[in-house]
There are 2 protein chains.
Amino acid sequence: MHETKQRLLAAGLQLMLEHGYNGLGIQQILSDTGVPKGSFYHHFESKEDFALQVVDAYVADVHALLEATLSNGRRAPLERVRGFFENVRELYEAQGYLGCLLGALGQELAGASEVFRRKIDGCVATIAQRLAVCLEEARKRGDLPATTNTVQMAEVLVDAWEGAALRTRLARTGQPLEAVLDFCFGAATAR
Amino acid sequence: MHETKQRLLAAGLQLMLEHGYNGLGIQQILSDTGVPKGSFYHHFESKEDFALQVVDAYVADVHALLEATLSNGRRAPLERVRGFFENVRELYEAQGYLGCLLGALGQELAGASEVFRRKIDGCVATIAQRLAVCLEEARKRGDLPATTNTVQMAEVLVDAWEGAALRTRLARTGQPLEAVLDFCFGAATAR
DNA sequence: GCATGAACAGACCGGTCGGTCTAGTGGCTC
DNA sequence: GAGCCACTAGACCGACCGGTCTGTTCATGC
């Protein structure tokens, strides 16, 4: 991918986390990156197109992290799932506790834009599906009660996580993230 | 309170849930309510002042519901807490699954506005505190394990709920709300 | 019947928005 | 070295933004 385009996407991720979609003007992206407007509209059809590509880049990173953590055969499957979230928490910390881009854009735009609503819902669902596979593995090993609905549990895990990410954004602390993990993982196993 | 002001606040709640803060123009509020701009700026200092008052009205409703459900002495305390969330779920359903205003504005504005960040964080924390009181009552009765940290549990409950509310907004279903409640209440007691 | 001030009414303002347009530039191919 | 095209560059556009201003209406107290 062209270097200018990459620079724009990287800046877009950071700026959109901070200001949201409507709160972020094209001009600010251009000033921050030193890219002229002509280049921007050469690489992207519109602001919406740009934001959707920023989301794509973001979820690509998430899936890379999923791949890296979930397929690690040496750890127990439940450990791998928790390890994934712990890794994401560290990422949030490095970004100054601004939460999750999917949650931020989802909240802001789901009410007004079907395109974003569907897109982000799909991204979240896909992430949950990958976690569900690993949870199912744990269930079969007896690490989870045999009656556990692992698909639903993965959904709950992701949803609760997104809520904790929002709180992290509000309180500027990582504490909600830890708390939600402790609760969910403590709860799920000891049923 | 003046009737015009009330009309503006009521419309503001609905419109802000749908379009967010930055996505909602003053003009649209005025068209929807038939109120001229002069009246708007007579009742409110600015758009920000308006939004903060919309939030105030929203949390006042939430606290009224908390009062109504939590102080009901006939039900067990844990039942009352769950009953509160069930009531909120019905509210969301009536609004077409647009989620929670605190979550929506929190996500959109926490990164850019300290005023909103602090305000909404405070509102969420206060709600959690009231739930914690009821959870503590449950713990003392033996409905929760004696070791339960009820303050933290209340926080987790609220955070997870906000996450489910976001998902509800994305998927336009009440299902995530039910799932998170089932998980949390099933988990908390059977530890 | 007159003064007062809250509330209504909307024209108007500068600034910023997303987006377009034309021009220029550098490097590749033949 | 001519032609081509991806890319850079930024002036420019109409629309719309939040907010101000001037004026009017109307209920109330005296």
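# A predicted assembly of two chains with two DNA strands

A:Arg172 is located in the loop that connects H8 and H9 of chain A; helices here are DSSP runs of H or I with at least four residues, strands are runs of E with at least two, and both are numbered from the N terminus. The model is predicted, so local features need pLDDT of at least 70 and side-chain atom pairs count only at pLDDT 80 or more, whereas totals for chains, interfaces and linings use all residues. Residues are numbered from 1 along each chain as its sequence is written, while chains are lettered from A and ligands numbered from 1 in the order in which they are written.

## Selected residues

The phi angle of A:Arg172 is near 55°, which is a positive value in a residue other than glycine. B:Arg172 lies in the loop between helix H8 (150-171) and helix H9 (175-189) of chain B, and B:Arg172 likewise has a positive phi of about 55°. The table gives the surroundings of these residues and of two residues in a helix. A residue is buried if 20 or more other C-beta atoms, placed from the backbone, lie within 10 Å of its own, exposed if 12 or fewer do, and partly exposed in between.

| Residue | Place | Other C-beta atoms within 10 Å | Class |
|---|---|---|---|
| A:Gly122 | helix H7 of chain A | 12 | exposed |
| A:Thr126 | helix H7 of chain A | 14 | partly exposed |
| A:Arg172 | loop between H8 and H9 of chain A | 14 | partly exposed |
| B:Arg172 | loop between H8 and H9 of chain B | 14 | partly exposed |

A:Thr126 and A:Glu155 are 29 residues apart in sequence, and their C-alpha atoms are 9.9 Å apart in space. For A:Gly122 and A:Asp49, which are 73 residues apart along the chain, the C-alpha separation is 17 Å.

## Chain A as a whole

Chain A contains 9 helices and 0 strands. Its C-alpha atoms fill a box of roughly 60 × 35 × 30 Å along the principal axes. A compact globule of 191 residues would have a radius of gyration near 16 Å, and the 18 Å of chain A agrees with this; the radius is taken over C-alpha atoms, and the globule rule is 2.2 Å times the number of residues to the power 0.38. Of the 191 residues of chain A, 40% count as buried.

Contacts are pairs of residues whose C-beta atoms, placed from the backbone, lie within 7 Å. Among contacts in chain A between residues at least 6 apart in sequence, 61% join residues at least 24 apart.

## Helix H1 of chain A

The 17 residues of H1(A) should span 24 Å at 1.5 Å a residue, and the end C-alpha atoms are 24 Å apart, which agrees; the expected span is 1.5 Å times one less than the number of residues. Within H1(A), the residues A:Leu8, A:Gly12, A:Met16 and A:Leu17 are buried. The cover over the buried residues of H1(A) includes H2, H3, helix H4 (47-70) and H6 of chain A. A:Gly20 follows H1(A) and has a positive phi, near 80°.

## The two chains together

In the interface, 41 residues of chain A are in contact with 41 residues of chain B. On the side of chain A, two or more residues each come from helix H1 (3-19), helix H6 (101-109), helix H7 (114-141), helix H8 (150-171) and helix H9 (175-189). H8(A) gives the most to this side, with 14 residues. The residues on this side divide into 21 nonpolar, 10 polar and 10 charged; Ala, Val, Leu, Ile, Met, Phe, Trp, Tyr, Cys and Pro count as nonpolar, Asp, Glu, Lys and Arg as charged, and the others, Gly among them, as polar.

Chain A can be laid on chain B with an RMSD of 0.0 Å by a turn of 180° and a shift of 0.0 Å along the axis, using least squares on the C-alpha atoms of residues with pLDDT of at least 70 in both copies. The two copies are therefore related as by a two-fold rotation axis. Because 100% of the interface residues of chain A are also interface residues in chain B, the copies meet through the same surface.

## The DNA strands

A residue is near a strand if its C-beta atom, placed from the backbone, lies within 6 Å of that strand. DNA strand D is surrounded by 15 residues, the closest being A:Thr4, A:Gly38, A:Ser39, B:Gly25 and B:Lys47. Helix H3 (37-43) of chain A, together with helix H2 (26-33) and helix H3 (37-43) of chain B, are the elements that give two or more residues to the surface near this strand. H3(A) supplies the largest share, 4 residues.

DNA strand C is also surrounded by 15 residues, and the closest are A:Gly25, A:Lys47, B:Thr4, B:Gly38 and B:Ser39. Here the elements that give two or more residues are helix H2 (26-33) and H3 of chain A together with H3 of chain B. H3(B) supplies the largest share of the surface near DNA strand C, 4 residues. By class, that surface has 3 nonpolar, 9 polar and 3 charged residues.

Technical notes:
Contact = placed C-beta atoms within 7 Å.
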